[in-house]
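This report describes the sheet, an enclosed helix and the ligand surroundings of one structure. The sequence and the coordinates are shown first.

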Amino acid sequence: MERRKPKHVRVGDDLLIGGGAPIVVQTMCNTHTSDVQASLGQCRRLAAAGAQMIRLTVPGLQDVPALKEIHRSLREEGCKVPLVADIHFSSDTAIECAKVVEKVRINPGNFHPDHETARRKFAEFLRVCKEHGTAVRVGLNHGSLGKYITELYGNTPFAMAKAAMEWLDMCVEEDFFNVVVSLKASNTVVMVQAYRELVKMMQESGNVFPLHVGVTEAGNGDAGRIKSCVGIASLLREGIGDTIRVSLTEDPEKEIPVAAYLAKYFSTETIAERNPLLDAAIEWGPRLLDREIDEIPESAGLGEYLRDEIMQAARRRFYRPEYIACPGCGRTMYRLEDTFEEVKRRTLHLKGMVIAVMGCIVNGPGEMADADWGYVGEGGGRVSIYHRGEPVLRHVPDSEAIDKLLELIEAA
Ligand code: SF4
């Protein structure tokens, strides 16, 4: 397999993405960015664990001074890992962050409900990035596409790629090429198809930008690792992917060994210590997902549990509920990891049902596009419960929310 060689993107002084550079491993803090000491501590641990880029959420302009302080302190300590600001909705915040950190992740479509206004704000943002040498990620997720695009193409992988192309074409018009693009979904089949569509479209346009690849809201434990490996490896094995994140609903330090393993597996580096679970997911998952095989052969020597998990991650057979859980970030409104474990424990019998546990009301509802039921933190100890994309109960105290969710599922 030969890696595609898109244009390279420079992040800070030393890090290159694409253009034949090795796959870059990245992760994201789950601290509140405004808590400078907690965020700094986590950045130090992530850098020590091997993160090559670290993302922090910046909910609004009020959080930019904290980001500045974190960035300044890390540089003073000699830590050079580039920081990425994660922005939703506020173009003003994106513009201010572009003056502070090495890279900014945005979904330009949510800069403004009016599409033409969003385009104008995106152009303004790109000019600031150009002036400051800041890299950009255009990050679109399944479920957060604008109405204008879903009306034309449905909520499909093709629509995701089309939406990304519009923003990439704008980058070209603005003569801005320091841009990486991602099209994540929690459904591995949707995610793989979306990236493949996008690669085709970029090749036809003559401008191939580097790709950030990941399965979003993959959950935790073995299932989260297997799902991430199946989705990411399906693309890396055909040379698609220049930087990766394995999103787990766990401490972000635990994401790095999995992502580093994937990066090594698809490089010329020798892997000193093999981990059988990841190898099995990487080897069999993509072949199942692409329907090259229908079953994992007995000769593979995998136990029933691992075979079932890989089949489910590749969406070929469902033997338990399908869980969607965000990794959590500075917007998370409650104890996400514990809640997710409890929801799993109490719903394990609901084979085939899609259940989402999301950290915040800002992005959670949009990003659990495939879920039958959703548990979404509102903040202030309250939770909203969603059924097929619609809120059915709001402001439930979190001490009662799992019981209420179970009652609603049983009554449905
Ligand atoms: S859904 Fe989760 S990861 Fe996404 S912004 Fe909200 S808390 Fe953060």
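A crossover is right-handed if, with the strands pointing away from the viewer, the path from the first strand over the helix to the second runs clockwise. In this predicted model, strand S3, helix H1 (residues 36–49) and strand S4 form a β-α-β unit of that right-handed kind.

**The sheet**

The unit belongs to an open sheet of 8 strands, arranged in the order S8-S7-S6-S5-S4-S3-S10-S9 with parallel pairing. At its edges lie strand S8 (179–184) and strand S9 (212–213), each of which pairs on one side only.

Three of the strand pairs are set out below.

| Strand pair | Sense and bridges |
|---|---|
| S3 (residues 24–28) and S4 (residues 53–57) | parallel, 3 bridges |
| S3 and S10 (residues 243–244) | parallel, 2 bridges |
| S6 (residues 103–106) and S7 (residues 135–141) | parallel, 4 bridges |

Individual residues can be placed within these pairs. Met 28 of S3 stands opposite Arg 55 in S4. On the S10 side, Val 24 has Thr 243 as its bridge partner. Between S6 and S7, Lys 103 is bridged to Ala 135.

**Burial of strand S3**

How many residues of strand S3 are buried? The strand is mostly covered, with 5 of its 5 residues buried. In a regular strand the side chains alternate between the two faces of the sheet. In S3, Val 24, Gln 26 and Met 28 point one way, while Val 25 and Thr 27 point the other way. Residues of both sets are buried, a status that requires 20 or more other C-beta atoms within 10 Å of the residue's own.

**Helix H3**

Helix H3 (residues 91–98) is largely enclosed by the rest of the structure, because 7 of its 8 residues are buried. The buried residues are Ser 91, Thr 93, Ala 94, Ile 95, Glu 96, Cys 97 and Ala 98. What covers them includes two helices, H2 (64–76) and H4 (115–132), together with strands S5 (83–86) and S6. Strand S6 thus appears both in the cover of H3 and in the pairing with S7.

**The ligand surroundings**

Which residues are closest to the ligand? Of the 13 residues that surround the ligand, the closest are Cys 326, Cys 329, Gly 359, Cys 360 and Asn 363. By class, the shell comprises 6 nonpolar, 5 polar and 2 charged residues.

Technical notes. Residues are numbered from 1 along each chain as its sequence is written. This is a predicted model: local features need pLDDT of at least 70, side-chain atom pairs count only at pLDDT 80 or more; totals for chains, interfaces and linings use all residues. A residue is near a molecule or strand if its C-beta atom, placed from the backbone, lies within 6 Å of it. Ala, Val, Leu, Ile, Met, Phe, Trp, Tyr, Cys and Pro count as nonpolar, Asp, Glu, Lys and Arg as charged, and the others, Gly among them, as polar. Two strands pair if DSSP finds at least two bridges between them. A residue is buried if 20 or more other C-beta atoms lie within 10 Å of its own, exposed if 12 or fewer, and partly exposed in between; C-beta atoms are placed from the backbone. Two residues are in contact if their C-beta atoms, placed from the backbone, lie within 7 Å.
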